[in-house]
Amino acid sequence: MDKMDVYEVYKAAPKATIIASHMESVNHAMLSRKELREFLSEKGMTQRVLVPEDGETCVF
């Protein structure tokens with residue numbers, strides 16, 4: 001997925017918390033955590049889209 005795909009999911013599921021995983025861990029992943037976080041901040045999406053670091057856990 002690219003950042004616009006994440007944006008479309010965000011709009012389509014307004015009550016969901018989205019977790020962006022498997023970033024930078026496979027050779028075909030072109031979107032970096034840094035780039036996605038910057039995009040999320042620009043769009044005001046940081047409350048519902050989580051971008052954990054490798055090994056980080058999310059508890060709900």
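Buried residues, meaning those under 20% relative accessible area (exposed is over 50%, partly exposed in between, with a 1.4 Å probe and protein chains only), make up 25% of the 60 residues in the protein chain. Keep in mind that this is a predicted model, where local features need pLDDT of at least 70, side-chain atom pairs count only at pLDDT 80 or more, and totals for chains, interfaces and linings use all residues. Residues are numbered from 1 along each chain as its sequence is written, and side-chain values use heavy atoms, leaving out hydrogens and water.

Walking from the N terminus, you meet the elements in the order α-β-α-β; helices (H or I, at least four residues) and strands (E, at least two) are DSSP runs, numbered from the N terminus.

Now for the salt bridges, each a side-chain nitrogen of Lys or Arg within 4 Å of a carboxyl oxygen of Asp or Glu. The count comes to 6. One of them joins Glu35 and Lys3, at 3.4 Å from N to O. That pair links distant parts of the chain, with Glu35 in helix α2 (residues 33–43) and Lys3 in helix α1 (residues 3–12), 32 residues apart. Glu35 is partly exposed at 32%, and Lys3 is partly exposed at 28%.

Asp54 and Arg33 form another, with their closest N and O atoms 2.5 Å apart. Asp54 sits in the segment after β2 (49–50) and Arg33 in helix α2, so the pair ties together parts 21 residues apart in sequence. Here Asp54 is exposed, at 58% relative accessibility, while Arg33 is buried, at 7%. Both belong to a salt-bridge network that links Arg33, Arg37, Glu53 and Asp54.
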